[in-house]
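User: Please go through the structure below and justify the terms used for it.

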2 protein chains.
Amino acid sequence: MRRRSELLFTLGDEKGPLHQRLYRRMRGLILDGSWPTGTRLPSSRALAEELGISRNTALHAIELLVADGWVRTRQGSAAFVSEQAPMPHPRLDERRPARPSPSPPVPFEMARQSANFFPRERWNALQVDLWSGADSAMLYGAGAEGWPALRRAIAAFVSGARGMSVDPDQVIVLSSTQAAIDLITRVLARSGDKVWVEDPGYPLAHQLFRTNGLTPVPVPMDAEGLRVASGMRAAPDARFAYVMPACHFPSGRSMSAARRRGLLAWARERQAWIIEDDWEWHARFDGQAVPPPLQSLSGGERVIYVQTFNRTIFPGLRLAFLIAPTMTIAETLIGTYEQMDGGPNAPLQATLARFLEEGFYAAHLRVTRAAYATRRDALLAALAELPPGFVPLPDRNGLHIVIGIPTELDDARVAAELRAAGIACMGIGEFALSYPAESGLVLGFAAFPPEELVGPAGRLIGVLRGIAAR
Amino acid sequence: MRRRSELLFTLGDEKGPLHQRLYRRMRGLILDGSWPTGTRLPSSRALAEELGISRNTALHAIELLVADGWVRTRQGSAAFVSEQAPMPHPRLDERRPARPSPSPPVPFEMARQSANFFPRERWNALQVDLWSGADSAMLYGAGAEGWPALRRAIAAFVSGARGMSVDPDQVIVLSSTQAAIDLITRVLARSGDKVWVEDPGYPLAHQLFRTNGLTPVPVPMDAEGLRVASGMRAAPDARFAYVMPACHFPSGRSMSAARRRGLLAWARERQAWIIEDDWEWHARFDGQAVPPPLQSLSGGERVIYVQTFNRTIFPGLRLAFLIAPTMTIAETLIGTYEQMDGGPNAPLQATLARFLEEGFYAAHLRVTRAAYATRRDALLAALAELPPGFVPLPDRNGLHIVIGIPTELDDARVAAELRAAGIACMGIGEFALSYPAESGLVLGFAAFPPEELVGPAGRLIGVLRGIAAR
């Protein structure tokens with residue numbers, strides 16, 4: 001009886017599809033030790049009866065636990081809390097939207113881009129040139145800190161593109177934003193440290209923080225970005241804040257100047273570290289300049305800056321970088337990085353260095369920015385006939401648009417209904433951690449030429465009309 | 001007075017140059033909490049007086065502590081135990097020999113190889129072919145587990161080369177052995193777990209274990225390899241053993257069949273994991289076949305196998321792989337790897353897949369093995385006139401030879417004297433952790449054509465004669 005009320009209480013409170021709410025609640029019972037290793041789970045039939053839900057919903061929730069490794073099934077259908085719990089494994093449903101999968105994207109998947117703009121012949125030519133050269137230094141490796149020419153080229157690039165004043169020795173080359181966050185937290189965090197994360201936010205980063213022994217503290221967002229005052233109430237002693245100030249995922253908002261100042265002041269006062277993920281800094285269509293990075297502002301000595309090429313060149317490239325605020329921090333990070341791994345392929349780094357040095361990257365960004373603007377306009381035009389209450393939200397940056405929905409609807413359910421109709425789409429609420437998120441549908445456009453957007457947009461309108469008519 | 005006797009006691013006991021012994025002793029005092037954060041170190045003058053050593057030696061030891069981040073200097077020359085202690089930073093002197101630096105090697109640096117054998121035109125042609133193809137799947141990335149064709153090619157390769165029966169889904173592609181050890185320990189270890197390590201052994205791995213919260217337990221080596229019985233006495237409850245059974249670093253020995261069985265039996269009995277680093281499996285010159293990997297033997301389900309291409313193709317390649325003993329373990333590792341990083345550049349993986357599939361790798365191994373045999377013979381011939389008591393040791397594999405020295409000499413001192421004379425050389429004792437290691441000088445030969453070995457070999461003989469005549 002106690003178990004029943006426990007489950008029911010939380011199921012009544014949360015957002016999202018029933019099976020996910022049940023999944024989360026059961027995962028919580030495993031995590032907090034209420035269901036220790038080896039506990040036999042209630043059967044799907046018992047769960048269905050106890051909670052007044054369908055047996056399929058209960059089965060679905062159990063399957064998610066199995067897929068994530070929390071629960072193991074033994075002979076027949078009995079399910080037990082896994083001996084290997086808690087495995088640091090992202091939820092399947094968190095993983096799907098958050099990380100490019102190795103397949104071409106379908107409309108309107110977000111965080112995807114087209115590989116078609118990538119000037120592969122140019123790249124190939126640079127590679128051939130490098131490989132034909134007499135210099136074999138690149139064969140001996142780059143060192144954990146990165147290929148010297150690439151570190152210099154990155155310092156020069158962020159100076160021009162982001163107005164940053166950086167010494168090449170502050171730059172560390174890695175293969176992804178994840179790798180940068182991993183390195184930063186492993187070197188600078190102590191187990192149990194709290195990290196402010198934007199809510200809603202980027203699930204794979206949250207998962208990584210947990211894996212590395214940190215506790216993500218969800219801090220709500222509003223139109224100005226992360227609510228610093230809420231963070232200071234919830235966890236004034238947090239040791240990190242992980243933010244996307246240029247373009248927040250998934251809302252597409254920029255952090256206001258006041259919030260930037262507030263965040264930097266808190267970090268300085270508390271000696272906290274800010275991890276600045278310059279996500280989609282390049283994707284702005286409102287005519288305004290992208291604000292300068294936190295690291296370049298007063299107080300930036302508490303900021304470690306991260307930017308990826310995987311989002312702008314092609315996802316399989318696997319090259320990104322971080323900029324440490326001081327040489328000392330850079331050296332400390334490099335010392336550990338050298339033990340853990342030691343940096344990506346050296347000829348690849350040398351190729352990217354040339355791609356940057358010779359201006360091809362800047363040209364590529366211009367080409368894609370223009371193309372993305374066209375695609376965005378085409379999608380907005382194709383969505384002109386949305387039913388009442390569904391409206392594209394203004395002041396959003398990034399490679400997706402956000403459609404506001406009528407307040408009585410749950411965006412996760414609407415998105416699930418669209419997905420069931422073959423339209424890849426996420427609800428902002430699906431990225432929420434604790435706080436009631438703003439509602440909205442997120443539609444990625446970057447990977448699709450205008451003509452490929454029209455059909456799915458029409459189908460989307462059809463489904464939304466059906467929902468609005470109910 | 002207490003401090004003086006503490007320091008003196010250990011300095012009298014240890015091997016190696018004075019400044020390193022002092023450095024290690026002071027580091028020990030910091031590590032065990034005798035000198036907590038903020039402690040002011042004795043001045044170099046005081047240390048010199050207390051210990052009866054030169055002030056330069058004391059200064060040198062303090063400099064090593066500063067370089068590693070254990071100690072910070074403030075205004076003037078006063079040194080304090082760092083607030084950031086203990087930083088996971090390898091000792092400078094550990095780092096140098098253990099990891100290829102991004103520069104061409106000099107005789108007789110070990111763990112180095114020539115990049116000259118690498119068929120760069122062939123590689124370039126494969127790359128061009130891939131980049132010219134219509135298929136852009138590789139641009140969308142490989143997934144954290146690795147490019148499918150490469151996983152298949154690796155499974156096929158280890159089947160032929162190492163007699164292993166592996167499903168491609170057990171293979172995970174990463175950039176280095178370090179990255180593999182990092183992933184394995186982060187997923188399968190709990191903080192405080194003990195790990196058996198071969199003593200002497202590979203310092204960078206030991207450092208990584210410590211960084212990841214494990215405690216390396218040095219287990220002595222003898223002619224048969226790791227002394228399993230000693231490990232079982234020292235730490236029967238260790239959760240890991242990290243071994244190089246094919247070719248131990250730095251002794252060049254292979255683990256005997258009996259020791260292999262013993263190690264596997266211990267792991268099965270204790271549910272421990274063996275990390276099998278198949279270091280220099282390809283470098284055998286004694287005419288005997290390389291023994292099968294531990295993972296392919298009975299009991300191999302406790303073994304995670306690691307092999308690198310960085311040692312056989314070129315150091316800057318940054319591609320390696322691990323083979324999990326089961327699909328479940330592979331999936332668990334991939335789940336975390338996806339959060340931490342997510343795998344190397346996809347086109348690079350596709351290139352290596354072709355290099356393997358089309359037999360170029362096997363051919364490359366044949367070419368280098370023959371060339372290395374020639375170089376090894378040339379070095380041994382050039383060392384025919386070594387002074388009495390200095391003798392190349394038999395039954396050693398790998399890309400270096402080991403020269404036994406008279407028992408009254410300290411190999412670390414001999415090696416230091418050789419280095420002072422411009423001859424890059426290490427003493428086996430310099431890789432020792434706790435136990436008195438066998439003595440010997442380690443001379444790498446793989447990176448140097450015969451004609452480049454003769455001159456340095458002559459200079460080496462000259463220095464050793466001088467030492468022998470004293």
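The turns below take the terms one at a time.

Analyst: This is a predicted model, in which local features need pLDDT of at least 70 and side-chain atom pairs count only at pLDDT 80 or more, while totals for chains, interfaces and linings use all residues. Residues are numbered from 1 along each chain as its sequence is written, chains are lettered from A in the order in which they are written, and side-chain values use heavy atoms, without hydrogens and water.

User: Why are H6(A) and H6(B) called roughly antiparallel?

Analyst: Helix H6 of chain A and helix H6 of chain B, residues 120–132 in each, pack at an angle of about 180°, with their axes 10 Å apart. Angles over 145 degrees count as roughly antiparallel, so H6(A) and H6(B) are roughly antiparallel to each other. The contact (heavy atoms within 4.5 Å) includes Trp123(A) and Leu130(A) of H6(A), and Trp123(B) and Leu130(B) of H6(B).

User: How do you know that the two copies are related as by a two-fold rotation axis?

Analyst: A turn of 180° and a shift of 0.1 Å along the axis lay chain A on chain B with an RMSD of 0.2 Å, superposed by least squares on the C-alpha atoms of residues with pLDDT of at least 70 in both. The two copies are thus related as by a two-fold rotation axis. The same surface serves both copies, with 100% of the contact residues of chain A recurring in chain B.

User: What makes Arg186(B) and Asp182(A) a salt bridge?

Analyst: A salt bridge needs a side-chain nitrogen of Lys or Arg within 4 Å of a carboxyl oxygen of Asp or Glu. The side chains of Arg186(B) and Asp182(A) meet at 2.7 Å, N to O, in a salt bridge. Between chain A and chain B the count is 4 salt bridges.

Notes
Axes are lines fitted to C-alpha atoms, for helices over the stretch in contact, and angles run from 0 to 180 degrees between N-to-C directions. Helices (H or I, at least four residues) and strands (E, at least two) are DSSP runs, numbered from the N terminus. Angles under 35 degrees count as roughly parallel, over 145 as roughly antiparallel, 65 to 115 as roughly perpendicular and the rest as oblique.
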